[in-house]
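Biologist: I'm new to this one and would like to learn how to read a boundary between two domains. Can you show me the model and take me through it?

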Amino acid sequence: MSEATETMTPELDAERRSNFDANQKFTWHHKTQVAGVEWKNPVGTASGTFNFDAVKWFYDVSQLGAVSTKGVSPVPWEGNPVPRTAETPAGSVNSVGLQNPGVDYYLEHDLPALKAAGATVITNVAGHSDDDYAEVVSKLADHESDMLEINVSCPNVSADGLSTGTDPVALKRLVKRLRPLTDKPMIVKLTPNVTDIRPIAEACIEGGADALSMINTFVGMRFDIRTGKPILANITGGVSGPCVHPMALAFVYKTRQAFPEIPIIGIGGIMTGEDALEFLYAGANAVEVGSAALGDPVAPLRIATELDALLDKRPELAQALEEGRTW
Amino acid sequence: MSEFKPTYFPSRRPAQVVACEELTDGVVRLTLRDAFIAAHARPAQFVNLYTSNAQRLSPRPFGVCEVNGDEFTLIFAVIGKGTGEFRGLKPGQTVDVLGPLGRGYDLREPADYVLVGGGLGVPPLVRAAQELHGRDDCHATVLFGYRNVHFADRYAAKYSDDVRSIDESEGNVITILDRWAEERGIAGGADGHLLPCAEGERPVRILTCGPLGMMKAVSAWGRDHGVAVYASLEARMGCGFGTCVVCTVHTTRGILKTCVDGPVFNTAELEGWEAAR
């Protein structure tokens, strides 16, 4: 793999893609730790962009640092009407509305399959209310997820999820309530739709969160100029993709400056190992890859190999991650 | 020591352009080289194309039209800047592909297949004709409707001895479907009950792909004539392989994904299509 370039050209991108072999025997040199859980490399998948049944044909999911599942709610959710996606330069606007078959189905089917495949599993927890979150966390407590990620930041479900994630008082109350319900490391996934991330992060830490992941999507929308109407049936959606990468880095950086100890998973527009490396320099312990995995199912694994090679040349950073510290 | 080496489905990869021509204004026929897709693409399975512009991340899914050796062909309309990038491709250039994807038409049953296509929905039906070609337990009748230029008849005619088409100046696919039924002696009014067929006689099955309104009309026609209709749906997709859950469709089996549970569905199981009767 070539060393970091200032700009990833389409040619270089295509070259890396065609040179990547999902059938190779992987050897990881640089593991990381997130809230005491060892990841074999610092790259995981972001919730909503990973589906085991869809990607198991393309690569060995146990080779990733971790996988974060689609949000799991107490009962099945139908999600939002279609259209659910609109393209935008270097990104997309999506409004799926956390369609999922519910926690009971998840525990019976998805989680056992992921564990049987050897994956390090982060179960993403969704809810419309504090009671919803508490119910799912309780049900997950005795099962074999490695970590939980509390999604208080989806912009596409009824206001509760987002408002909890933007209100430090409500958020601290929720995290405090969930904390005694499980021994599993609890990550809280934060929204960027706030003016200052630090009071939000502080609320999570004071409530007992073991780690933070950031960022979820930005609220956005597109119009169809032929009809004058919004493209998405839900009117607004969440913006993700490389277009959010610089903002995501700033959120991680600000949080790290304010809170030197809390483990952080950086998320936002990672398309290459270099993009992931930037998050590590911003202070993240690990990253989750989202949009890239929709354009190429093996992208998270390819990015992990690219990052592994980049860390070979950065022994101090690699050493810090291995010891559970950050840059 | 020998070690088990899994072989995974090939992910996104560059495919070489063999030919790219404009059949009529804004309708492109693109031939690409990819041995895996050529060997495995079943009728109504589709392939994602990706533009080389990193600003445009969404896949452009197109139904495979024909396969030949290690090459496959697509026919699609240029509808925006993304698809416009594929219009000027030159032989030797590459374009990123992923596939084949989705569940195609099930052609295992010995039957008289009637392939009813409209506009840019015709490619999967050409592929169906290709697959049925040479099978002595099946027959393929091709009924295509166009806005004006009959751009795909010649490809279907390679594989079917009965290709009929119509454009908006004469009527629509229902017009030629009625004519065909009259010849076959299939009367309307069966009201949802599949036509019984005499022993040894093959059942009639309609495969359709095209504009939504057309497919709903074909579905209603099928119900009225006691013929099962299988439609290949089009959807706005975020990934094309079952991860993102944006291409959902409401069915009698629940909310399914067009990309992996379809794109082919028996229209009797599509909710909201009943109203088209």
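Biologist: How much area do domain 1 of chain B and domain 2 of chain B bury between them?

Modeller: The size of an interface is often given as the accessible area lost when the parts come together. Keep in mind that this is a predicted model. Here the two domains of chain B bury about 1,900 Å² between them, and 65% of that is on carbon and sulfur atoms. Domain 1 of chain B covers 13-101, while domain 2 covers 112-276.

Biologist: Which three residues supply 25% of the area that domain 1 of chain B buries against domain 2 of chain B?

Modeller: That's B:Pro43, B:Ala44 and B:Glu66, and no other three residues supply more. B:Glu66 also has a partner: its side chain meets that of B:Lys158 in a salt bridge, at 2.6 Å from N to O.

Biologist: How many salt bridges are there between domain 1 of chain B and domain 2 of chain B?

Modeller: The count is 2. For polar contacts, 8 residue pairs link the two domains of chain B.

Biologist: Which strand gives the most to the side of domain 1 of chain B that touches domain 2 of chain B?

Modeller: β4(B) does, with 6 residues. Strands that each supply at least two residues include β1 (13-24) and β6 (94-101) of chain B. By class, that side of domain 1 of chain B has 17 nonpolar, 3 polar and 4 charged residues.

Biologist: And how many residues are in contact on each side?

Modeller: In chain B, 24 residues of domain 1 contact 23 residues of domain 2.

Technical notes. Residues are numbered from 1 along each chain as its sequence is written. Chains are lettered from A and ligands numbered from 1 in the order in which they are written. This is a predicted model: local features need pLDDT of at least 70, side-chain atom pairs count only at pLDDT 80 or more; totals for chains, interfaces and linings use all residues. Side-chain values use heavy atoms; hydrogens and water are left out. Domain bounds come from an automatic or database domain assignment. Contact means heavy atoms within 4.5 Å. Buried area is the accessible area (1.4 Å probe) that two parts lose on being put together, summed over both. A salt bridge is a side-chain nitrogen of Lys or Arg within 4 Å of a carboxyl oxygen of Asp or Glu. A polar contact is a pair of N or O atoms within 3.5 Å; within protein, one must be able to donate a hydrogen and the other to accept it, and residues adjacent in sequence count only if both atoms are side-chain atoms. Helices (H or I, at least four residues) and strands (E, at least two) are DSSP runs, numbered from the N terminus. Ala, Val, Leu, Ile, Met, Phe, Trp, Tyr, Cys and Pro count as nonpolar, Asp, Glu, Lys and Arg as charged, and the others, Gly among them, as polar.
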